[in-house]
2 protein chains.
Amino acid sequence: MKQIAERAQVSLGTVSNVVNGTIPVRQHLRVRVLEAIRSLGYQPSQLARGLRRNSTNMLGMVIPDITNPFFPGVVRGVEDVAFKGSYRVVLCNTDNDPAKEQAYLDELRSYRPAGLLVIPAAESNLAAELGPPTPSSLAVVCIDRRPADWKGDAVMAANEEGAFQATEHLLNMGHTRLATICGPSHLTNAVERLAGFRRALAKQGLKIAPEYIQEAKFDRESGHRSARRLLGMLPRPTAIFAANDLLALGALLAARELGLNCPKDISIIGFDNLDIGMFTDPALSSVYQPGYQMGARAARLILERIKGKKGRAQQIVLPTEIRIRNSVAPPPSDE
Amino acid sequence: MKQIAERAQVSLGTVSNVVNGTIPVRQHLRVRVLEAIRSLGYQPSQLARGLRRNSTNMLGMVIPDITNPFFPGVVRGVEDVAFKGSYRVVLCNTDNDPAKEQAYLDELRSYRPAGLLVIPAAESNLAAELGPPTPSSLAVVCIDRRPADWKGDAVMAANEEGAFQATEHLLNMGHTRLATICGPSHLTNAVERLAGFRRALAKQGLKIAPEYIQEAKFDRESGHRSARRLLGMLPRPTAIFAANDLLALGALLAARELGLNCPKDISIIGFDNLDIGMFTDPALSSVYQPGYQMGARAARLILERIKGKKGRAQQIVLPTEIRIRNSVAPPPSDE
DNA sequence: TTGTATGCGTTATCAG
DNA sequence: CTGATAACGCATACAA
């Protein structure tokens with residue numbers, strides 16, 4: 001920087017002013033400086049800048065696992081709007097481990113990011129970790145789910161409603177023995193989906209046997225195990241609402257192994273509407289949840305907060321949409 | 001930091017020494033300092049540290065698009081070993097746009113990362129951008145593909161060999177009219193796969209019509225278009241080697257739309273062995289390429305470089321493995 | 001061994 | 001409007 005200052009025959013302060021546009025600089029000086037910058041290939045040190053300003057242009061994003069196909073979309077959403085706002089995203093995977101989450105959070109903060117986007121781990125104590133959301137504290141927005149007693153900004157999908165619609169779809173096809181593979185009970189999105197499932201049943205006056213509700217982690221293997229349990233029960237449920245598509249995939253696999261035909265013997269509907277669902281056999285009916293938009297919306301929200309927007313915490317809920325394909329049919333008639 | 005210094009009744013330098021273990025500090029002072037650190041919840045500023053040391057504990061990772069299902073695995077591989085080495089990963093998507101790649105690279109460098117992991121964009125001029133790999137320059141390792149005239153470290157899959165095996169599999173089933181949907185010709189992995197395909201044909205003394213080689217971008221839509229072209233040709237090829245699974249998926253879709261049965265009418269084999277391939281109808285045969293290991297290996301390599309390991313550039317090639325499922329059958333007999 | 005002082009590259013304040 | 005100067009928080013060379 002001092003190199004370019006002397007090259008352009010101006011002082012450091014002036015250089016800084018033209019770089020940041022802090023204060024108008026006389027035209028001819030400006031061009032001299034710009035010239036020098038270009039010719040020397042100067043890049044301001046984000047470290048020094050961050051140190052001085054006590055804030056960088058990084059957005060910390062912590063998610064459970066980029067390997068879960070639902071998350072890349074939301075990451076992309078975040079990154080795209082962040083990039084346009086000239087923010088950068090640093091990504092961390094917590095593996096749903098609250099300890100790892102905390103470690104990342106601590107470390108991230110020592111980099112003075114402009115904000116934090118987080119998809120909380122299963123038993124996150126994010127709220128405690130971050131302390132009360134004082135106006136001066138770091139901007140944080142949660143995506144997809146909220147930790148226990150989270151009072152800050154969040155953007156989520158209409159989990160309850162989506163699950164309700166999915167279940168109604170099953171009901172409309174004539175099913176009465178519905179089961180669900182629900183997600184971890186300490187994940188808000190999972191409990192919301194379960195609530196939607198229950199509400200739809202209740203609306204029809206249907207009771208559900210407790211063993212028809214299988215709790216699982218949001219991955220395929222877990223779905224597979226739960227489905228095997230479900231499909232081994234007597235009487236066997238005729239339809240399964242899986243709280244996400246990975247779970248549904250596991251269920252599909254289990255049905256296949258048991259020689260059960262989906263959808264003739266067992267109907268399955270998922271949640272997320274992963275691309276993969278278009279290709280499965282049978283194509284998986286599912287509830288679309290706008291991952292990319294959730295990420296983008298969260299990023300926009302946090303950019304506003306960073307720019308100083310005040311106001312109470314926002315809870316943004318994006319609509320879901322049921323996508324009917326071939327994994328749901330009327331229940332077998334032979335019973 | 002000065003807070004904890006006075007709290008522990010020592011000087012700043014001493015605090016620094018216990019934090020970094022630079023210089024032994026007398027036992028009782030050490031515990032006093034540690035105590036103070038804990039009680040004040042002190043976190044060293046990575047910004048200041050980075051500024052001073054002229055290097056941080058961040059690894060910049062730039063990839064084309066996290067939304068491509070092959071990449072999350074390699075990102076996870078990188079991140080896991082980075083985390084263990086107490087490095088952090090900042091992730092950037094280039095969309096295969098060399099300009100965006102360059103922008104990210106420039107910006108990343110101004111954060112003084114410890115190293116850079118990059119899956120180069122399609123027409124990346126990474127080599128030029130980074131300059132010659134002087135011993136003192138930033139550690140960089142390429143993954144999955146190399147930019148034009150890249151002379152540095154790289155870890156890749158055995159693309160040529162994998163493609164060769166896939167093609168031989170097709171050949172062994174009796175196919176003689178083989179087509180390929182190959183990737184962008186400026187991507188090294190794509191040209192290697194095409195080379196493997198060609199070598200297998202040549203070994204059998206088979207000629208290939210130029211129009212049976214369709215170049216496409218590595219995404220499903222592109223694969224779909226190319227497959228429609230291919231499947232409309234007369235004579236129609238009886239087997240397609242798709243240079244990645246996304247392409248193969250597009251081909252599957254195209255076949256379906258055209259009322260062609262895979263594998264009876266048309267055999268398809270892909271590359272990557274994405275999870276999704278297990279679920280498609282028919283299940284997709286493919287060439288497994290160890291994404292996670294590639295990422296992990298690259299990260300280990302770069303950590304070694306960061307620690308000062310000298311020696312000439314390494315080109316690490318990880319083996320592929322053919323995974324046979326149901327999308328390949330002998331060619332239709334009626335011809 | 002421990003303390004002190006200097007500088008890393010910026011921005012911000014303030015006096016010209 | 002411009003230029004000099006003081007922090008920002010830490011690591012290190014050097015003095016004690």
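How many C-beta neighbours does Arg112(B) have inside 10 Å? In this predicted model, the count is 19, and Arg112(B) is classed as partly exposed. Burial would take 20 or more such atoms, so with 19 neighbours Arg112(B) does not count as buried. The backbone at Arg112(B) has a positive phi of about 50°, although the residue is not a glycine. Arg112(B) sits in a loop of chain B, between helix H6 (98-109) and strand S3 (115-118).

A positive phi is also found at Gln9(B), with a value of about 60°. Gln9(B) is likewise not a glycine. The loop that holds Gln9(B) runs between helix H1 (2-7) and H2 of chain B. Gln9(B) has 11 other C-beta atoms within 10 Å. An exposed residue has 12 or fewer, so Gln9(B) is exposed.

Chain B also contains cis peptide bonds. One joins Cys262(B) to Pro263(B), with omega near 10°. Pro263(B) is placed in the loop between helix H11 (245-257) and strand S9 (267-272) of chain B. Another cis bond leads from Asp281(B) to Pro282(B), and its omega is near 0°. Pro282(B) belongs to the loop that links S9 with strand S10 (285-288) of chain B.

The surroundings of DNA strand C were examined next. This strand is surrounded by 26 residues. The closest include Met1(A), Ser45(A) and Ala48(A) from chain A. Gly13(B) and Arg26(B) of chain B are also among the closest. Four helices each give two or more residues to the surface near DNA strand C. In chain A these are helix H2 (12-20) and helix H4 (46-53). In chain B they are helix H2 (12-20) and helix H4 (46-53). By residue type, the surface near DNA strand C has 13 nonpolar, eight polar and five charged residues.

The domain layout was taken from chain A. Domain 1 spans 2-44. Domain 2 is made of two segments, 54-158 and 291-320. Domain 3 covers 159-289. Taken over C-alpha atoms, the centres of domain 2 and domain 3 of chain A are 29 Å apart. Contacts between these domains of chain A involve 13 residues of domain 2 and 16 residues of domain 3. On the side of domain 2 of chain A that touches domain 3, six residues are nonpolar, three are polar and four are charged.

Technical notes. Residues are numbered from 1 along each chain as its sequence is written. Chains are lettered from A and ligands numbered from 1 in the order in which they are written. This is a predicted model: local features need pLDDT of at least 70, side-chain atom pairs count only at pLDDT 80 or more; totals for chains, interfaces and linings use all residues. A residue is near a molecule or strand if its C-beta atom, placed from the backbone, lies within 6 Å of it. Ala, Val, Leu, Ile, Met, Phe, Trp, Tyr, Cys and Pro count as nonpolar, Asp, Glu, Lys and Arg as charged, and the others, Gly among them, as polar. Domain bounds come from an automatic or database domain assignment. Two residues are in contact if their C-beta atoms, placed from the backbone, lie within 7 Å.
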